[in-house]
Structure formats: structure tokens, C-alpha cells
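Please read this briefing beside the sequence and the coordinates. It moves from strand pairing to individual residues and then to aromatic and charged side chains.

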Amino acid sequence: QVQLTEAGGGLVQPGNSLRLSCEAYGRTGDIGAMAWFRQAPGSERIWVATITRNGDKTYYVDSVKDRFTISRDKVKNMLYLQMNSLKPEDTAVYYCAAASSWGDMKKNSTYGYWGRGTQVIVSS
């Protein structure tokens, strides 16, 4: 089993930055691609970004391209999401996810392991 724990959420003003982190525990050798999803109040959980097992490729939803950067440190078993130029519409609970096999990276069902989420609020 793999356990994921997110950290770094909080309240931030529009235009500012925030860095989320996710630490993996347990059978970390089973982890392939990792991702961030987010869920705004009253909405479904949606895909934000994915990074491949080796960290050589990254993918983003259009709404965060050029603002967010996903990265990982395999030695430390850490996943990060650097969020710049934050907007009120970025407000959501952000979830870290890990997959043990490759699939449709935008689908929740591809990822077998999930963290409990960290709240991000962008407001003045």
C-alpha cells in the first residue's frame, strides 16, 4: 500500500504564489505517474497536472499552463505543485494522486492512491 499526505495549502491573495507538497509512504516502489487534482465547492474533482514516473514529462490542464509547475523528487518520495499568479478560481481542495500503471492521466480512476487533500483559498 501507498499513503499520500499533502501539505502547503492556505489562504493567499490573488496574484500571489503557493507551493503544495505531497509525501509518499509505504510501497513507494509501486508508484508510477503522479498527479494533482482539485475540487471546488459544489463541483467534481478535476485533473490539474501529471508528471511521469521519471519526471521527464509533465502535462497540465489549459487553465493552469504557464502558472503551475508540477515536479517530483524520487529520492525523497515527494511531489510538488508550484502555483504562481493565483486566481480566485483556483480555490479548491487539492489532492495528490499516484498511479501504479499508466492510463488516461486525466481520469480519477487511473490513480489508485489518493491523499486527503489540502485546502487552497485565493481571496483578497
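The points below concern a predicted model and are grouped by topic.

**Strand 9 and its partners**

- Strand 9, which spans residues 92-98, has 6 of its 7 residues buried, and it is therefore largely enclosed by the rest of the structure.
- Strand 4 (residues 34-39) runs antiparallel to strand 9 and is joined to it by 6 bridges; within this pairing, Trp36 stands opposite Cys96 of strand 9.
- Strand 11 (residues 118-122) is also antiparallel to strand 9, with 3 bridges between them, and here Tyr94 is placed opposite Thr118 of strand 11.
- Strand 10, made up of residues 113-114, pairs with strand 9 in the antiparallel sense over 2 bridges, and Ala98 faces Tyr113 of strand 10 as its opposite residue.

**Strand 11 and its parallel neighbour**

- Strand 2 (residues 10-12) pairs with strand 11 in the parallel sense, over 3 bridges, and the bridge partner of Val12 in strand 11 is Val122.
- The side chains of strand 11 alternate along its course: Thr118, Val120 and Val122 point to one face and are buried, whereas Gln119 and Ile121 point to the other face and are not buried.
- Two of the residues already named as partners, Thr118 opposite Tyr94 and Val122 bridged to Val12, thus belong to the buried face of strand 11, because the alternation places both of them among the buried side chains.

**The open sheet of four strands**

- An open sheet of 4 strands follows the order 1-3-8-7, and its pairing is antiparallel.
- The edges of this sheet are strand 1 (2-7) and strand 7 (68-73), each of which pairs on one side only.
- From one strand to the next, the twist of this sheet averages 15°.
- Strand 7 and strand 8 (residues 78-83) run antiparallel and are joined by 6 bridges; one of the residues in this pairing is Ser71, whose bridge partner in strand 8 is Tyr80.
- Ser21 lies in strand 3, which covers residues 18-26, and its relative accessibility of 18% places Ser21 in the buried class, for which the limit is under 20%.
- Leaving aside residues up to four places away in sequence, Ser21 touches Thr5, Glu6, Ala7, Trp36, Met78, Leu79 and Tyr80.

**Thr50 and its surroundings**

- Thr50 is located in strand 5, which consists of residues 46-51, and Thr50 counts as buried because its relative accessible area is 0%.
- The side chains of Thr50 and Tyr111 are joined by a polar contact of 2.9 Å.
- Beyond residues up to four places away in sequence, the residues that Thr50 touches include Ala33, Met34, Ala35, Trp102, Met105 and Tyr111, and Lys57, Thr58, Tyr59 and Ile70 are also among them.

**Gly103 in its loop**

- Gly103 sits in the loop between strand 9 and strand 10, and with a relative accessibility of 27% Gly103 counts as partly exposed.
- Although Gly103 and Ala33 are 70 residues apart in sequence, their C-alpha atoms are 9.3 Å apart in space.

**Aromatic rings and a charged side chain**

- The structure holds 3 aromatic pairs; one of them is formed by Tyr111 and Trp114, which meet edge-to-face at 6.2 Å centre to centre with 75° between the planes.
- This pair counts as edge-to-face because the angle between its planes, 75°, is over 60 degrees.
- The two rings belong to residues of unlike accessibility: Tyr111 is buried at 4% relative accessibility, while Trp114 is partly exposed with a relative accessible area of 26%.
- Phe37, Tyr111 and Trp114 form one aromatic cluster, and Tyr111 is also the residue whose side chain makes the polar contact with that of Thr50.
- Arg45 lies over the face of Tyr95, 3.7 Å from the ring centre, and the charged end of Arg45 also sits over the ring of Trp114, at 4.7 Å from its centre.
- Trp114 therefore takes part in the aromatic cluster and lies beneath the charged end of Arg45, while counting as partly exposed at 26%.

Methods. Residues are numbered from 1 along each chain as its sequence is written. This is a predicted model: local features need pLDDT of at least 70, side-chain atom pairs count only at pLDDT 80 or more; totals for chains, interfaces and linings use all residues. Side-chain values use heavy atoms; hydrogens and water are left out. Buried means under 20% relative accessible area, exposed over 50%, partly exposed in between (1.4 Å probe, protein chains only). A polar contact is a pair of N or O atoms within 3.5 Å; within protein, one must be able to donate a hydrogen and the other to accept it, and residues adjacent in sequence count only if both atoms are side-chain atoms. Contact means heavy atoms within 4.5 Å. Two strands pair if DSSP finds at least two bridges between them. Axes are lines fitted to C-alpha atoms, for helices over the stretch in contact, and angles run from 0 to 180 degrees between N-to-C directions. Rings of Phe, Tyr and Trp (its six-membered ring) pair if their centres lie within 6.5 Å; planes under 30 degrees apart count as stacked, over 60 as edge-to-face and the rest as tilted. A charge sits over a ring if NZ of Lys or CZ of Arg is within 6 Å of the ring centre and within 35 degrees of the ring normal.
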